[in-house]
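Here are my notes on the model you sent, set out as numbered points so that each can be checked against the structure. I begin with one strand pairing and work outwards from there.

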Amino acid sequence: MRILHVLDHGLPLQSGYTFRTRAILKAQEAMGWTVAGVTGPRHTRGGASPETVDGLDFYRTPIAGGVRRGGVIGEAAGLVAFARAIETAADAFRPDLLHAHSPALGALAARWVARRRGLPLVYEIRAFWEDAAVGNGTGREGSARYHATRALENLAVARADAVAVICDGLRRDLLARGVPADKVMVSPNGVDLRLFGTPAPRDEALAAELGLPGAEVIGFIGSFYDYEGLDDLIAAMPALVADRPLVRLLLVGGGPTEQALRAQAAASPVADAIRFVGRVPHDRVERYYGLVDILAYPRKAMRLTELVTPLKPLEAMAQGRLVAASDVGGHRELIRDGETGTLFAPDDSAAIARALGGLLADRSGWAARREKARTFVERERNWSLNIRHYQPVYQRLIGAASKVNPWSPRIFA
């Protein structure tokens, strides 16, 4: 099978989005499939088209002047430019199927090409576009823009031949919108155990550099968005340090809320117990996992976090780290409270302090919990197994389309 993935952005950019994409493409290659990606106008870093990054081939969308204008005009120009780039990539790569990944504009651009070329289209939703905008602070739930974006999402779903989602929360929401159950499959977030399969030993030199020798380390490794609840984690630190003076908070990553979080930490009475590292290349992040006793994920309660499962707790479990997270829907799909991790009330710094303090005070069950979490990742969130969810859907769609020759010459209008 030849699969062309339609992407908002891709490698060499580093984000949860690109890491999931990389895992999918690498796992599909390991299955013997031939894959490539085409990135949209928001991908602002890359070289020639096609470009090979980490052994994967990517076609790029040229950035036209109208795309940079933003607003409706910019989105429209970007949609047209993206569709042209997808068709150019399809003519060069000659795929059996297009697999578009959210947001919805990529799926709509891909549908344009799929219809012209007689190709089946799978649309994969990692988060609903309208809820992601609320989560990252660029939208407001219930606004006119929110409803317009939701309508585009529904249109993209309706026009796709099959829909993949990353978790059951998104699947249930689509079914409530009237999408037929047999059109939706779940391809859950997973871990490439070839990258995160072996827990890193503690790096004593790095610990000394960060002032962590002898410390009890609470960590967060990921992107700094408001919905991640890192302000609540920082607010929990005074109570936690008062009870356990050796506790330190290690924050690895960056994002839109970084400056506000740094200011909050600097004003904290326990500012000297909080460390910011900045962004770390993905191939070096294991060094930081090896320093952390408990990985904390204090996501706030909102539609985005109730519906969507994150990736980072799975990486932590694969690394043999203890995980504590807020009790929201996305976390409940990954963590069994008291068995594979700990859940605490969201939006509550006192609850965070109690949960983390309790774990640090009693380490008797840590080894068993880490082992259960690791086993969960190996059996249910391992990309070498997860990738098989796509196979029957691909085969069905490609088989249905095989009666038509999609590669008769056509001119893009």
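**Notes on the predicted model**

1. Strand 10, which covers residues 247-254, pairs with strand 11 in the parallel sense, and four bridges join the two. One position to look at in this pairing is Leu250, whose bridge partner in strand 11 is Arg275. Please keep in mind throughout that this is a predicted model.

2. The sheet to which these strands belong is open and has six strands in the order 11-10-9-12-13-14, with parallel pairing. Its edges are formed by strand 11 (274-278) and strand 14 (342-344), and because each has a single partner strand, one side of each is left without a neighbour in the sheet. On average, and with direction ignored, neighbouring strands of this sheet are turned by 25° against each other.

3. Helix 10, made up of residues 258-267, lies across strand 10 and strand 11, and its direction runs at about 155° to strand 11.

4. How are helix 9 and helix 15 packed against each other? Helix 9 (residues 230-243) and helix 15 (residues 349-361) meet at an angle of about 60°, with their axes 8 Å apart, and the two are therefore oblique to each other. Their crossing is right-handed. Helix 9 contributes Asp232, Leu233, Ala235, Ala236, Ala239 and Leu240 to the contact, while helix 15 contributes Ser349, Ile352, Ala353, Leu356 and Gly357. Sorted by class, the residues of this contact are eight nonpolar, two polar and one charged.

5. A further open sheet is formed by eight strands in the order 3-4-2-1-5-6-7-8, and here the pairing is mixed. Strand 3 (51-53) and strand 8 (184-186) stand at its edges with a single partner strand each, so one side of each is left without a neighbour in the sheet. Neighbouring strands of this sheet are turned by 30° against each other on average, again with direction ignored.

6. Within the eight-stranded sheet, strand 1 (residues 2-7) and strand 5 (residues 97-101) pair in the parallel sense over four bridges, and Leu4 stands opposite Leu98 in strand 5. Helix 5 packs on this sheet, where it touches strand 6 (121-125) and strand 7 (162-165), and its direction makes about 145° with that of strand 6. Helix 6 (residues 168-176) lies across strand 6, strand 7 and strand 8, and runs at about 140° to strand 7.

7. Helix 5 (residues 144-159) also packs with helix 3 (residues 104-117): their axes come within 9 Å and cross at roughly 40°, so the two helices are oblique to each other. The crossing of helix 3 and helix 5 is left-handed. On the helix 3 side the contact involves Ala104, Ala107, Leu108 and Arg111, which meet Leu152, Glu153, Leu155, Ala156 and Arg159 in helix 5. These residues divide into six nonpolar, no polar and three charged.

8. Finally, a word on confidence. The mean pLDDT of the protein chain is 92, and 95% of its residues reach 70 or more. Over residues 408-413, however, the pLDDT is below 50, although this stretch has twelve contacts in the model beyond near neighbours in sequence. Where pLDDT is low, the predicted coordinates should not be read in detail.

How values were computed
Residues numbered from 1 in each chain as written. Predicted model: local features only at pLDDT ≥ 70, side-chain atom pairs only at ≥ 80, totals over all residues. Heavy atoms only, no water. pLDDT = per-residue confidence, 0-100. Contact = heavy atoms within 4.5 Å. Axes fitted to C-alpha atoms, helices over the stretch in contact; angles between N-to-C directions. Parallel < 35°, antiparallel > 145°, perpendicular 65-115°, else oblique. Left-handed = near helix turned anticlockwise from the far one by under 90°. Nonpolar A, V, L, I, M, F, W, Y, C, P; charged D, E, K, R; others polar. Pairing = 2+ DSSP bridges.
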